[in-house]
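Please open the structure in your viewer and keep the sequence panel visible beside it. This tour proceeds by selections, each followed by a short account of what is found there.

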Amino acid sequence: MVTIKDVAKVAGVSIATVSRVIHDGHQVGEACRARVKKVIAELGYRPNSNARALVSKTTNTLGVVTPKLSMPFLAVSPVVLKKARVKTTTNC
């Protein structure tokens, strides 16, 4: 798995610069931005969702607890929830 550090090393820039490019920061020159984007594409960099969840303290994950999956309604519920893409925020 390619990390942001790998991208920075190959592009010859700092990790902060790569982060700014990824998040469309305005403090990066166009030539540098193009070079970093090229390296990202070449290496196939994808942000790590687990790392992002640790930093942001959110996972965008919905937990479903059911008594019995053999019941027809409960077996279909996860499919319905996925299609509906219910978006809620809770503080547990």
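**The start of helix 4**

Begin by selecting N48 and N50: at the start of helix 4, a side-chain oxygen of N48 comes to within 2.8 Å of the backbone nitrogen of N50. Please bear in mind throughout that this is a predicted model.

Next, move to the other end of this helix and select K57, which follows just after helix 4 and takes a positive phi of about 60°. K57 has this positive phi although it is not a glycine. Its place is in the loop between helix 4 and helix 5 (72–84). Is K57 buried or exposed? With a relative accessible area of 74%, K57 is exposed, because the cut-off for that class is over 50%.

**The whole chain**

Now zoom out and display the chain as a cartoon. The protein chain contains 5 helices and 0 strands, and along the sequence it reads α-α-α-α-α. Of its 92 residues, 20% are buried. Consider next the contacts between residues at least 6 apart in sequence: 33% of them join residues at least 24 apart.

**The two sides of helix 1**

Select helix 1, which spans residues 4–11, and colour its buried residues, V7, A8 and A11. These residues cover an arc of only 100° around the axis, which places them on the same side of helix 1. A general rule is useful here: an α-helix has 3.6 residues a turn, so residues three or four places apart point the same way.

Which parts of the structure do the buried residues of helix 1 pack against? They pack against helix 2 (15–22) and helix 3 (30–43).

Rotate the view to see the other side of helix 1, where K5, K9 and V10 are exposed. Select K5 in particular, a residue of helix 1 with a relative accessibility of 56%, which counts as exposed. Then add S19 to the selection: K5 and S19 are 14 residues apart in sequence, and their C-alpha atoms are 9.9 Å apart in space.

Before leaving this helix, select G12. This residue comes just after helix 1 and takes a positive phi of about 75°.

**Buried residues of helices 2 and 3**

Select V36, which lies in helix 3. V36 has a relative accessible area of 0% and is therefore buried, since the limit for that class is under 20%. Leaving out residues up to four places away in sequence, V36 touches V7, A11, V13, V18 and V21. Two of these partners, V7 and A11, also belong to the buried residues of helix 1. For V21, measure the C-alpha separation from V36 in the viewer: the two residues are 15 residues apart along the chain, and their C-alpha atoms are separated by 7.2 Å.

Proceed to T17 in helix 2. T17 is buried, with a relative accessible area of 14%. Apart from its neighbours within four places in sequence, T17 is in contact with V28 and C32.

Then select R33, a residue of helix 3. Is R33 buried or exposed? At 12% relative accessibility, R33 counts as buried. Show its side chain, which reaches the backbone oxygen of G25 at 2.4 Å. When residues up to four places away in sequence are not counted, R33 touches R20, V21, D24, G25, H26 and V28.

One of these partners, D24, deserves a selection of its own. D24 is located in the loop between helix 2 and helix 3, and it has a positive phi of about 55° although it is not a glycine.

**The second largest pocket**

For the last stop, display the surface and select I4, Y45, N48, A51 and R52. Among the 14 residues that line the second largest pocket, these lie nearest its centre. N48 is the residue with which the tour began, at the start of helix 4.

How much space lies in the second largest pocket? The pocket holds about 310 Å³. Helix 2 and helix 4 (49–56) each supply at least two residues of the lining, and the largest share, 3 residues, comes from helix 4. Finally, colour the lining by residue type: it divides into 8 nonpolar, 4 polar and 2 charged residues.

How values were computed. Residues numbered from 1 in each chain as written. Predicted model: local features only at pLDDT ≥ 70, side-chain atom pairs only at ≥ 80, totals over all residues. Heavy atoms only, no water. Buried < 20%, exposed > 50% of the residue type's maximum accessible area, 1.4 Å probe, protein only. Helix = DSSP H or I, 4+ residues; strand = E, 2+ residues; numbered from the N terminus. Arc of directions from axis to C-beta. Contact = heavy atoms within 4.5 Å. 1 Å grid on protein atoms, 1.4 Å probe; cavity = no way out; pocket = protein on both sides within 12 Å on 5 of 7 lines; lining within 4 Å. Points joined across faces, edges and corners; volume = space filled by probe spheres on them. Nonpolar A, V, L, I, M, F, W, Y, C, P; charged D, E, K, R; others polar. Polar contact = N/O pair within 3.5 Å; in protein donor to acceptor, adjacent residues only side chain to side chain.
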